[in-house]
Structure formats: C-alpha cells, structure tokens
Amino acid sequence: MLSKTSIVICGMLLQGEMNAYDMLKMIERMNMQYWHPIGATTLYETCLRLEKKGFIEDTGRAENKAVYRLTKNGRAELKAAIRALFERVDFDSVWFCLAVMYSGVLTKKELEAEKKKRAALLDDYEKGTIENREKMLAAKVPYIDICAIDRMIQIVRMEKETLGKL
C-alpha cells in the first residue's frame, strides 16, 4: 500500500502535471501541516521513489526541474490504495481523510460500493464500541480509561456524516 505522502503526491497529480515545489505550495494552501506534515526533503525523496516504481514520471518539460505526471500504473495503485482505505477503520483518521480527498480516482459506481462497505464497517465498529463503553461505565471504570473510546465514537459518527455527503 502507498504511504500517506505517496497518496498525497499521486492524488495531487490527478489534477494535472506538477513539480515538487508546486506540490509543496499546494500542501501549504491545504494547511496539511496540521494533520499530515510533509517537508520538502520527504516530498522530493517520495517523488523519486514513486518515479523509480513507475507510478509517476518526469514529463521532461522543464530543463532544470522535474515536472511530474501520474502514470497508468500510478493511477491504478492510487485507486487500490483509496479502496483499501475505505475498507478499514483506524484510530488514525488521516487515512480516511486521504481516502475522501482522492476518491475522485474511483468511478461513481466504485465509490458507491466503497461507501456501502465503509458504512457497514462503521456501523459494526460503532455498535461494538458503544457496547464496550457501556460495559466499562457499568463497571465504573474511570473516564480517563474511556475517553479514547468516546473519541472513536465521535470519529465514526463524523465519518458516517462525510459518507452521506460524498
């Protein structure tokens, strides 16, 4: 599976050709530093790795800097990564944010299928988490031991709301 940074790079290239500096500026405009900081070194190294794997390629349109585009293999890899992200629940909500941000790589039919899978997963997870929380409350477990569970319940509810808007 692609790393978060790789997903961001491939996702940005869905919009068109870009050099690494343009990608950094887009990341800055998105305020990504607050939820998934990507420094210049990481971005450049990841671009080189993606290019080596054949997921992106230099267009050769600029003499002194690489201008990248997403390859067919890169698009397929991004699509697989986005589908996989829809099909897992994780304490790290950044993964779901990336899935939503770059869900445009999926066809409408594929997105609908992934939304259904995600909704079913979230329903099951929420039900089990609420049951666990109720048991802990009944056992008079201190809130400090339950607060992470409350956080996940809220995240699940926000994700369900997001799915409804997609």
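**Reading a predicted model**

Modeller: In this predicted model, the side chain of arginine 118 reaches the backbone oxygen of leucine 85 at 2.9 Å.

Biologist: What makes that approach between arginine 118 and leucine 85 a polar contact?

Modeller: A polar contact needs a pair of N or O atoms within 3.5 Å, one able to donate a hydrogen and the other to accept it. The side chain of arginine 118 comes to 2.9 Å from the backbone oxygen of leucine 85, so the distance falls within that limit and the pair counts as a polar contact.

Biologist: Is arginine 118 buried or exposed, and how do you know?

Modeller: Arginine 118, which lies in helix α6 (residues 108-138), has a relative accessible area of 2%, and because buried means under 20%, arginine 118 is called buried. Beyond four places in sequence, arginine 118 touches Leu85, Phe86, Glu87, Arg88, Val89, Phe96, Glu159 and Leu163. The C-alpha atoms of arginine 118 and glutamate 45, by contrast, are separated by 32 Å, with their places 73 residues apart along the chain.

Biologist: Why is serine 93 called partly exposed?

Modeller: The relative accessibility of serine 93 is 24%, and because the partly exposed class runs between 20% and 50%, serine 93 belongs to that class. Serine 93 sits in the loop between α4 and α5 (94-101), where, leaving aside neighbours within four places in sequence, serine 93 is in contact with Arg151, Ile155 and Glu159. The C-alpha atoms of serine 93 and valine 156 are 9.4 Å apart, although the two residues are 63 residues apart along the chain.

Biologist: Which class, buried or exposed, does threonine 71 fall into, and on what grounds?

Modeller: Threonine 71, in the loop between β3 and α4, has a relative accessible area of 13%, which is under 20%, and therefore threonine 71 counts as buried. The side chain of threonine 71 reaches the backbone oxygen of phenylalanine 55 at 3.0 Å, and its contacts beyond four places in sequence are Gly54, Phe55, Ile56 and Glu57.

Biologist: What is the class of threonine 5, and what does threonine 5 touch?

Modeller: Threonine 5 lies in helix α1 (residues 4-13), and because its 9% relative accessibility is under 20%, threonine 5 counts as buried. Not counting residues up to four places away in sequence, threonine 5 touches His36, Ile38, Thr42 and Thr46.

Biologist: What term describes the packing of α1 against α4, and why?

Modeller: Helices α1 and α4 (residues 72-86) pack at an angle of about 120 degrees, with their axes 10 Å apart. Angles of 65 to 115 degrees count as roughly perpendicular and those over 145 as roughly antiparallel, so an angle of about 120 degrees makes α1 oblique to α4. The crossing is left-handed, and it brings Ile7, Cys10 and Gly11 in α1 to meet Leu78, Ala81, Ile82 and Leu85 in α4.

Biologist: How do you know where on helix α2 its buried residues lie?

Modeller: The buried residues of α2 (residues 20-29) are Ala20, Met23, Leu24, Met26 and Ile27. Seen down the axis of α2, these buried residues fall within an arc of 160 degrees, so they line one face of the helix. An α-helix has 3.6 residues a turn, so residues three or four places apart point the same way. The buried residues of α2 pack against α1, β1 (18-19), α3 (40-52) and β3 (67-70).

Biologist: What is found at the start of α2, and what just after α2?

Modeller: At the start of α2, a side-chain oxygen of asparagine 19 comes within 3.0 Å of the backbone nitrogen of tyrosine 21, while just after α2 asparagine 31 adopts a positive phi of about 55 degrees.

Methods:
Residues numbered from 1 in each chain as written. Predicted model: local features only at pLDDT ≥ 70, side-chain atom pairs only at ≥ 80, totals over all residues. Heavy atoms only, no water. Helix = DSSP H or I, 4+ residues; strand = E, 2+ residues; numbered from the N terminus. Buried < 20%, exposed > 50% of the residue type's maximum accessible area, 1.4 Å probe, protein only. Contact = heavy atoms within 4.5 Å. Arc of directions from axis to C-beta. Axes fitted to C-alpha atoms, helices over the stretch in contact; angles between N-to-C directions. Parallel < 35°, antiparallel > 145°, perpendicular 65-115°, else oblique. Left-handed = near helix turned anticlockwise from the far one by under 90°.
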